Each structure stands twice: as C-alpha cells, then as structure tokens.
Amino acid sequence: MKVLISGGAGYIGSTVASACLDAGITPVILDSLVTGRREFTAGRTFYEGDIADSELVDRIFVEHPEIEAVVHCAALIVVPDSVGDPIGYYEANVAKSLTFVRSLIRNGCEKMIFSSSGSIYLPGEDFSVDEESSLAPQSPYARTKAVCEGMFADIAATQPIRILSLRYFNPIGSDPELRTGLQLRRPSHALGKLIEAHAEGVAFSVTGTDWPTRDGSGIRDYIHVWDLATAHIAALRKFDEGLAGARSAVINLGTGTGTTVFELAAAFNSVVEPPVQIVETDPRPGDVAGAYTRSDRAQLLLGWKPQYSIAQGIRDSLSWADIRDERLGTTADS
C-alpha cells in the first residue's frame, strides 16, 4: 500500500509516516513546511508544496499512481492563534482543504482519512463524549474542523470519495524511537509548557482554575502520539469497517480517561527532579474546560485501543526534548 500524507512533516503526520513505514506501507509526504520540518522527511518520498496547489497534487498522482488513500493532516492548530487570525485559519484549514479534496477526486482517489479534533464537542456534565454527542466548537480552530467534517460529509454523499474523520483528543509523547517529535521549541499545550518550565527552572501556569471540573482546571484526554499513529494504520487496513457501510463516518481517538491539568502536572512532577512549581492564572483566549472520550467505537470497528500511559507519554516527550535542538537546531521554532 502507498499512502499520501498531507502535513506529513508535522508532529502527527510525521509520526503517522513512521508508523506506516513500520507497517510496510509506503508514505508519500506533501507539506508546505510552514510548520512542518524538512528533517522529518529524510529518507521519505517528499513533495514540498501547498495542498491547494492542484498542479502539484496532480503530479504526485501521476508519479505515484499506486496511492490508495490519503491521510489529511495538514492544518494550523494553535487555538489562541486562531482567535487572533480567524481568516488565516479558515483559509488554511477549510478553503485549502476544499481545493485539496477536489484534486483528490479528480485524480481518482477514493479514500481519505481526515485529522479532526475532539475540541468540536459539547461535553456532557461529566465532560465525557462519544461520537453521537452534540457539537459546539468554541474557537475558530475547532470550528474549522467542524466545518471541514460537514463539508467532507456532503462531498462524500454524492462524489466518488469516502471519508473517515478521526477525532483526536490531546496528543503527547513522541515516536518511541525518537525519529520524530514535537517540532516546536516552545509549544503552547500544557505538557510542552511543563517541560519548558522544568528546563528553565520557572513555575508552570495552570491557565484557568474555575472550570466546573473536579479540581477547577481544564480536563483533557491525553493520548500518546504513537497510539494515534497506530490508529491510522488500523484505519487504513480496516477503512471499510470503520465506515460501517456509510460514505463518511467519525471515530474518536482517545484513552477514555479524563485527566485534569493539575493531575497532568502531578504526573509530570512524579517523573522529574526537581518538581515544577505550580501557579494559577487566567484562561487563554479560546480555552475551554475540555472533554474526554467514553467511546470504544475505535476498538469495535478498527480493532484498535491505546497502549501507552500518560507517564510514558511524559517520559517520551522529555526524551525528545533532550535531543530536539540537536535534531532540529536551536533557533527555529517551526
């Protein structure tokens, strides 16, 4: 099997590409390198360019007619940035995705896996959700994912392409073999901020402590990025089963366990020395209380379930942080 991965030089896309190689699937990478890293494409078939470059997409399919499916990971993903630049986010995530899927259909591609997000849900009273839960995206970023899902469902209903949307929760960790990892030196998510605080000997700020959770901090479903990657392999292998007879479908990818930011910080401090001091601050623009999945649809349809613990995700993130500058340099953050 040969698979085109858009955004395949980014954190998740490059990890999916590594999992493909391990599974005997050949990845073809398409990435503009706006946030992805060229280093993550070493030894892999790579095309530098935009998903909205229709001529480039056509050339990829001409040169790789064996491509059986597309994994669409290309997107801008930073919630506060989406609040400040909604036009840029809708253009990158929605408008360009529409152009991209048109190119896929024109080139006879009949299968696409879309990287969606658990941030589009309206959580229940206990902050858990399943695939039938109501949607209420609370940031421009999250709304771009919801809009894309609806757009893709409409397209798949009448066009010769079927689309499986995988709703990620909160990825942590790195490729366990440290081939790839989070490319940013100063990531905006909680674990990245914890690692940064520990390295610099400063306090970690919990952004928002008045949420209606068990300890007031936001709640998340932290899933190891390698578990996410292997879920994509399962989805490629069992694409038809994942759709369950439909033209489009959604599947949650999470651990099924909610972890608050305070609990994440405690888990982090259990594996580092000295521990990081914790302080409380106001929420950032676009922050929400969060959610976790209670669904086992991925296991039922794809035969997949996560294998890695939060502690392992923290350890792998720390291991990657130790070599990140050596691998990617000390100056660039993207």
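**Close-up 1. F127, a buried residue with a positive phi.** In this predicted model, F127 has a relative accessibility of 11% and therefore counts as buried, the cut-off being under 20%. The residue lies in the loop between β5 and β6, and its phi is near 70 degrees, a positive value in a residue other than glycine. Most residues other than glycine have a negative phi, and most peptide bonds are trans. L33 also departs from that pattern, with a positive phi of about 65 degrees although it is not a glycine; L33 is found in the loop between β2 (26-31) and β3 (45-48). A cis peptide bond, with omega about 0 degrees, joins E273 and P274, and P274 belongs to the loop between α9 and β14.

**Close-up 2. Aromatic pairs of the model.** Three aromatic pairs are found in a search of the whole structure. One of them is formed by F114 and F152, whose rings meet edge-to-face, with 5.0 Å from centre to centre and 75 degrees between the planes. Because F114 lies in strand β5 (residues 111-117) and F152 in helix α5 (residues 140-158), this pair ties together parts that are 38 residues apart in sequence. F114 is buried, with a relative accessible area of 2%, and F152, at 1% relative accessibility, counts as buried too. Y121 and F169 form an aromatic pair that is stacked, with 6.3 Å from centre to centre and 20 degrees between the planes. This pair links distant parts of the chain, 48 residues apart, with Y121 in the loop between β5 and β6 (128-129) and F169 in the loop between β7 (162-168) and β8. Y121 is buried at a relative accessible area of 3%, and F169 is buried at 8%.

**Close-up 3. Helix α11, its kink and its buried side.** Helix α11 comprises 19 residues (310-328), which at 1.5 Å a residue should span 27 Å, and the 25 Å between its end C-alpha atoms agrees with that expectation. The helix has a kink of about 40 degrees, centred on D322. G313, I314, D316, S317, L318, W320, R324 and L328 are the buried residues of α11, and they pack against β8 (170-172), α6 (190-200), β11 (222-224) and α9 (261-269). An α-helix has 3.6 residues a turn, so residues three or four places apart point the same way. After α11 comes G329, whose phi is positive, near 95 degrees.

**Close-up 4. Salt bridges within a helix and between elements.** Side chains of opposite charge can pair when their charged atoms come close, and the count for this model comes to 21 salt bridges. E63 forms one with R59, their closest N and O atoms being 3.4 Å apart; both residues lie in helix α2 (residues 54-63), four residues apart, or about one turn of the helix. E63 is partly exposed, with a relative accessible area of 41%, and R59 is likewise partly exposed, at 40%. E200 forms a salt bridge with R186, with 2.9 Å between the closest N and O atoms. Since E200 lies in helix α6 and R186 in the loop between β8 and α6, the pair ties together parts that are 14 residues apart in sequence. Partly exposed residues make up this pair as well, E200 having a relative accessible area of 42% and R186 a relative accessibility of 45%.

**Close-up 5. A salt bridge with a buried partner, and a network.** D287 and R284 form a salt bridge in which the closest N and O atoms are 3.1 Å apart. D287 is buried, with a relative accessible area of 14%, whereas R284, at 30% relative accessibility, counts as partly exposed. Elsewhere in the model, D22, D175, E177 and R179 are joined into one network by salt bridges that share partners.

**Close-up 6. Strand β9 and its pairing with β14.** In a regular strand the side chains alternate between the two faces of the sheet. Along strand β9 (residues 204-207) the side chains alternate in this way, with F204 and V206 pointing to one face and buried, while S205 and T207 point to the other and are not buried. β9 pairs with strand β14 (residues 278-281) in the parallel sense over four bridges, and T207 stands opposite T281 in β14.

Conventions
Residues are numbered from 1 along each chain as its sequence is written. This is a predicted model: local features need pLDDT of at least 70, side-chain atom pairs count only at pLDDT 80 or more; totals for chains, interfaces and linings use all residues. Side-chain values use heavy atoms; hydrogens and water are left out. Helices (H or I, at least four residues) and strands (E, at least two) are DSSP runs, numbered from the N terminus. The expected span of a helix is 1.5 Å times one less than its number of residues. The bend at a residue is the angle between axes fitted to the seven residues ending there and the seven starting there. Buried means under 20% relative accessible area, exposed over 50%, partly exposed in between (1.4 Å probe, protein chains only). Contact means heavy atoms within 4.5 Å. A salt bridge is a side-chain nitrogen of Lys or Arg within 4 Å of a carboxyl oxygen of Asp or Glu. Rings of Phe, Tyr and Trp (its six-membered ring) pair if their centres lie within 6.5 Å; planes under 30 degrees apart count as stacked, over 60 as edge-to-face and the rest as tilted. Two strands pair if DSSP finds at least two bridges between them.
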